[in-house]
Amino acid sequence: MFAHILRTLAASSGRMIATYRAMLGLLLLLLAMIDPEGIGFEREIDDIVLAGYAMVALVLLAISLKSWWLEFRLFPYAYVLDFAVFVVIRFVFDPMMQGYIAIAVGTATFIMVETMSRWNWQKLVVATVTLNLLCWASSLAVGMVNPHGLSVIDDFLRQAGIFCFVSIIMVWTGYWRSGLQLPAPFPRLPASDEMALRHMIEYATEASGGTVAAISWLRPDASEAQFASNLGEDEPLPGHVPPLHALSTAPVMVFDRARRRALVPDGNGDIRLRRLTPGQCAMLGKVGVDNGLFVRLEAMTGSGGLLIGGLPALDWSLLERGSLIGSKVSRGLDDYRYALLAQETAVISQRRSIARDLHDSIAQSLAGAKFWLQSYRNRLQPDSEQAREIDRMKSAFEAEYDNLRLMIARLQCNELDNDRVDLVADLEGLAELLGQHWRCEVAVHCHPRILRVPASLSHDVQQMVREAVSNAVRHGEATRVAIDAQATEADIALAIDDNGHGFRSPSPSPPASLADRANQLGGSLNITTRPGNTRLDFRFPRLEWQ
Amino acid sequence: MTKILIADDHHFLRSGVAALLTDAGHEVVASVDSGEAALAAIAECDPEVVILDVRMPGIGGVAALERMRKAGDRRPVVILAAEIDDDDLLAISSAGANAVLFKHCAPELLVDAVSAAESGQTYFRPEVIGRLAEIAARPRKVSALERLNPKERLIAQRVARGERNREIGEALGITEGTVKSYLHGIYAKLGIENRTGLALLVLPDLAGEGR
């Protein structure tokens, strides 16, 4: 029953404030009734005012329980009433009585809490300054005529000191509390995963007051964690740092590597002291952050760790702030993936729609043209020049139709440019197909053995290989084709060698479609040819697609 | 001279096919642009061979063929399509089409296919036979959504539309944590690892529902 009442009251700040007000009203009434000058309720000004305030406070509590709407509408009036009661306590009652001094401090504290709950900490500063000014004014005004023997200055200093102390605590608490309300970290969709992580580093350093940060993030579908930091020259090389979430099982940790000290939450609302293990120290050393904050990141779309260093000061309160930063960063990375997913699904839908349109219009027209041409062709003498012309046109249409079908297939596939595929595996699969199709030997040699490139690049490279092998067999009568792909830090070099009889000219122009494709990828194509060997050398700079 | 009906929603292609077949000595008695129109024209013109495209407005070529066979109409049917998915190819074969030809094949093959069909033979290109054998050897394809229970299906559809767990939870009256747990179950059931995989798997079904 009691727990139920507490839950009901704590369900909203408005109810809690109304409850505090009712308690304050009853306390004030009790204080008035035990006034040594007259025990019990007497028809004196203080008894009447405080009884009235207690009654209004109880009514406001009842309203807050019944109607959140009315409670909100009445809040400004109740707030003014609270201030008015404070003024009455300070100016009308005997401010030198210890009970009234304490209750004035209590009322002021209540008003500050009320302000902090309802508005921001800047409004709290205004309210606090107003309360202090009222306090000082009342001390001076009432002290002038006070018969208690203390000097005005003594009284002023005593009361102003207490009020100042309480005010500073409350303003600081309000400011600290406002700091816990961090903004969302993604105003715009970042261009890449790496940019998203870098954005998170900036966000975490700004939110924590640190100067350096490192983040590692592992998606369930990725083979290795991504790492980013703003450590500058001290940044460890990719692959040299284990995933940061391996640093600790605690969700958040304040650490000092030199002294091997750490603070971690115990999960029951308390904080525990820990000694950093040698493994933890070694890992922190590798990253290059000696002291600061570690936060585990757990989200729907992945997990990871965040290290923040260069903090102005280390203390236990960083644990709460770190948890908040961690949840914001995790949510931000989730938001990024969700936004990316929405974008990808939209792109895929649009691509399928374009593929459908191409299929329903141009592809059908090309097919229709083929039938028409065949019809004309059948009316001509088989070996006439016109028949040969039509055969050439038919071949051109068929080639275009095949290209269009490939384009449609590419549009219909689900791979997007930010999907990475293994070019080596794709080329090996293609070589087998081409070998069967053209009844020739197609061999693939690649270095390294795994070469992850955007799906679109793999598709384009495969198209070029198809065409090159087709040309080699059909025009050069080649029986063997060797495909060699070498990746360096600067580019990917693709060489296609065949044993056909080659071009007539020793320095031929590259086939237009192959050269166009290579140019579109920002690459180049060179041909060297002699009888028995023709070699196409493609180069695709990494900058163009990375 | 064989009386032929052509059903294809692309006028230029129909006229090209008609020209080719006319030159080959056949008579095109009807040229229509939908499955329904094809059925009506069959009743009216009584063609000896029917050429049907697969994708047409209305019921399409596969359904038109199935209705013909269901009504006891056994006249030769040639399917002429740009592309045929596995389900349609299986349905075409089961319904008893006499020939299946792709539009990217050499045009003269269509004349051969019509002649073969008209003489009661079947005319399936080797690549079509190969695909049919491959489909027959595979276990029945069950769509991603079919493998999920109704609640999981709702969640998967919303994920594919780009909704977030919180939004899905609010829409379905469950908590974000419950959505997360449902998603883990869905991932395990479909053998995928993340939302992108789920969205890509479910998208074709969603597109199918939207058709």
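User: Let's start with the nonpolar surface patch: which residues make it?

Analyst: The general idea is to look for nonpolar side chains that are accessible and lie within 5 Å of one another. In this predicted model, Leu27(A), Leu30(A) and Ile34(A) form such a patch, of about 290 Å².

User: Take Leu30(A). Where does Leu30(A) sit in chain A?

Analyst: Leu30(A) belongs to helix H2, which covers residues 13-33.

User: And why does Leu30(A) count as partly exposed?

Analyst: Partly exposed is the band between under 20% (buried) and over 50% (exposed). Leu30(A) has a relative accessibility of 48%, so that's where it lands.

User: Now the inside. How many cavities of 30 Å³ or more are there?

Analyst: A cavity is a space where a probe fits but cannot get out. Here the count is five at 30 Å³ or more, and the largest has a volume of about 70 Å³.

User: Which residues line the largest cavity?

Analyst: Among them are Gly14(A), Ile17(A), Arg21(A), Leu60(A), Ser64(A), Glu71(A) and Phe75(A). Reading by element, H2, helix H3 (45-66) and helix H4 (68-91) of chain A each give at least two lining residues. H2 is also the helix that holds Leu30(A).

User: What about chain B: how many helices and strands are there?

Analyst: Chain B has ten helices and six strands. Of its 211 residues, 50% count as buried. For contacts, check the separation along the chain: among those in chain B with a separation of 6 or more, 61% join residues 24 or more positions apart.

User: And what does chain B expose?

Analyst: About 9,600 Å², with 51% of that supplied by carbon and sulfur atoms.

Definitions and conventions
Residues are numbered from 1 along each chain as its sequence is written. Chains are lettered from A and ligands numbered from 1 in the order in which they are written. This is a predicted model: local features need pLDDT of at least 70, side-chain atom pairs count only at pLDDT 80 or more; totals for chains, interfaces and linings use all residues. Side-chain values use heavy atoms; hydrogens and water are left out. Patches are made of residues with over 30% relative accessible area and no salt bridge: like charges are joined within 9 Å, nonpolar side chains (Val, Leu, Ile, Met, Phe, Trp, Tyr) within 5 Å. Accessible areas come from the Shrake-Rupley method with a 1.4 Å probe; for residues, only the protein chains shown count as cover. A salt bridge is a side-chain nitrogen of Lys or Arg within 4 Å of a carboxyl oxygen of Asp or Glu. Helices (H or I, at least four residues) and strands (E, at least two) are DSSP runs, numbered from the N terminus. Buried means under 20% relative accessible area, exposed over 50%, partly exposed in between (1.4 Å probe, protein chains only). Contact means heavy atoms within 4.5 Å. On a 1 Å grid over the protein atoms alone, a cavity is a set of points where a 1.4 Å probe fits but cannot get out, and a pocket is an open set with protein on both sides within 12 Å along at least five of seven lines; lining residues have an atom within 4 Å of a point. Grid points are joined across faces, edges and corners, and a volume is the space filled by probe spheres set on the points.
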